[in-house]
Amino acid sequence: MTPDETLANKREGCFQGSLLSLDTGKACNRRSKETVSIKFVIYWNILLRLIDSAAFFELNRSIQFIILSLLIGWIQPVFKHRGEREHMVMIGWNGTLLSEKDAVIPVWDHGFLYGLSLFETMRTYAGKPFRLEQHLTRLNEGCHALGIKLQLSAEDLRRHMAEVMQANDLQEAYIRLTVSAGDQGMGLPTGDYEHPTVMVLTKSLPPISPSLYHAGKPLQILKLTRNTPEGEVRFKSGHYMNNILAKRELMQHASSKLGAEGLLLTAESDVAEGIVSNVFVAREGKLYTPSLDTGILPGITRAVVIEIARRIGVEVEERRFDAQWLIDSSDEIFITTSIQELVPITSIYDTTGDRAIIGNGTPGILTQRLLREYRRLAELESRDKHDFIESSSKQV
């Protein structure tokens, strides 16, 4: 065997014996596809030069192993840091982008200390947030009532949401827009909040099985009552304890394993709303939904459904009714949320576990028509507006 062949065999053995903790193939592939850090280039070049050096292989095997282990120990944290950065979730923060690790609320922020925060949840269609202007109207009205000095512009926010979606590689998104009141130290506020924090959080839309709309889901009546609103009208606020307690109760019922939504009643036993939804009843071609004086959230999807129903000639009445009327008088029931749109309710469980079938146990004709009209409207409105994701990318 020639000296060159001996040296080559030594190099191969050294690689196989010492690089057990580093996936060199993956490293090389990533290095060829991405811009690498200066540290990585330096350490990697040192490693390659060492292995290519005849003098290195004249050293004792133990010394070789120590040197290579040290170099690998320096390189691995670079991989780890770069991997974390690649999977970092980006947050919209007062119109800029921050990593999820850097987007931190101060401990003196009254959103944290006293629950003084408001939020809006929406979804996109063709990359555009549906009914953003209506969500902003509700949010701005809440801010005004709470003394939070903020007036958000729909166009500015639309562009910012596009940036956040792009940063998280999302074509469609579940968007949560949150306003936290700001820092005013310990104690209740003595004036307005001049410096609120505005956050845009995004994630992928949750997968929803088509069977949800073909078969519907149950509604579970809860013992816990809906708390009264904070003011004359319920805010969509970060004070979510009533909803969380309701969710905890729901999980104790067998119907929760069937995907049931929890139904909250008022202290007077009138139907209020679901844990995360508004409720509609169809009876003899007419729609009924609990009135706002029950203390429910004035949901955006609820408002859109009322708008669509009246446009297609369906009468809508906002009124009070109890759970027994809901069970006995309903031809159809559905609930509304921004993310799931209109979801048919095909059965109701009472607090003892007894089940009542709604209609013939399948989604009703009016429910299906309203769902089609809702989706058609969302599609039309997404076409009418400029493609804000595309326009935003041209500015970046």
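Residues are called exposed when over 50% of their relative accessible area is open to a 1.4 Å probe, and buried when that value is under 20%. The model shown in these views is predicted.

**View 1. Two faces of helix α12.** The exposed residues Ile-365, Arg-372 and Arg-383 sit on the face of α12 turned away from its buried side. The buried residues of this helix are Leu-366, Thr-367, Leu-370, Leu-371, Glu-373, Tyr-374, Leu-377, Ala-378, Glu-381 and Ser-382. Looking down the axis of α12, these buried residues line one face of the helix, because they fall within an arc of 165°. The end C-alpha atoms of α12 are 29 Å apart, which agrees with the 28 Å that its 20 residues should span at 1.5 Å a residue.

**View 2. The ring cluster of Tyr-125, Phe-130 and Tyr-374.** The count of aromatic pairs in the model comes to six. One of them joins Phe-130 and Tyr-374 edge-to-face, with 5.5 Å centre to centre and 75° between the planes. Phe-130 belongs to the loop between β4 (128–129) and α6 (132–146), whereas Tyr-374 belongs to helix α12 (residues 365–384), so this pair ties together parts that are 244 residues apart in sequence. Both Phe-130 and Tyr-374 are buried. Ring pairs link these two residues and Tyr-125 into a cluster. Over the face of Tyr-125 lies Arg-123, at 4.2 Å from the ring centre.

**View 3. The contact of Tyr-288 with Trp-325.** Besides the pair of Phe-130 and Tyr-374, which are both buried, Tyr-288 and Trp-325 form an edge-to-face aromatic pair, 5.3 Å centre to centre with 75° between the planes. Tyr-288 is in strand β11 (residues 286–290) and Trp-325 in helix α11 (residues 323–329), 37 residues apart, and the pair links these distant parts of the chain. Tyr-288 and Trp-325 are both buried. The charged end of Arg-319 is placed over the ring of Trp-325, 4.8 Å from its centre.

**View 4. Strand β7 and its parallel partners.** Strand β7 (residues 217–225) pairs with strand β14 (residues 341–349) over four bridges in the parallel sense. In this pairing Leu-219 of β7 is opposite Ile-348 in β14. Strand β8 (residues 261–265) also runs parallel to β7, joined to it by four bridges. Here Ile-221 stands opposite Leu-263 in β8. Together with helix α9 (residues 241–250), β7 and β8 make a right-handed β-α-β unit.

**View 5. The open antiparallel sheet.** Six strands form this open sheet, in the order β2-β1-β6-β5-β3-β4, with antiparallel pairing. Its edge strands are β2 (96–99) and β4, each of which pairs on one side only. Within the sheet, strand β3 (residues 117–125) and strand β5 (residues 174–180) run antiparallel and are joined by seven bridges. Leu-118 is opposite Val-179 in β5.

**View 6. The surroundings of Ile-208.** Ile-208 is placed in the loop between β6 (197–203) and α8 (211–215). Its relative accessibility is 29%, and Ile-208 therefore counts as partly exposed. Ile-208 and Gln-340 are 7.8 Å apart in space, C-alpha to C-alpha, with their positions 132 residues apart in sequence counted as separation.

Conventions. Residues numbered from 1 in each chain as written. Predicted model: local features only at pLDDT ≥ 70, side-chain atom pairs only at ≥ 80, totals over all residues. Heavy atoms only, no water. Phe/Tyr/Trp six-rings, centres within 6.5 Å; stacked < 30°, edge-to-face > 60°. Helix = DSSP H or I, 4+ residues; strand = E, 2+ residues; numbered from the N terminus. Lys NZ or Arg CZ within 6 Å of the ring centre and 35° of its normal. Expected span 1.5 Å × (residues − 1). Arc of directions from axis to C-beta. Pairing = 2+ DSSP bridges. Right-handed = clockwise from strand over helix to strand, strands pointing away.
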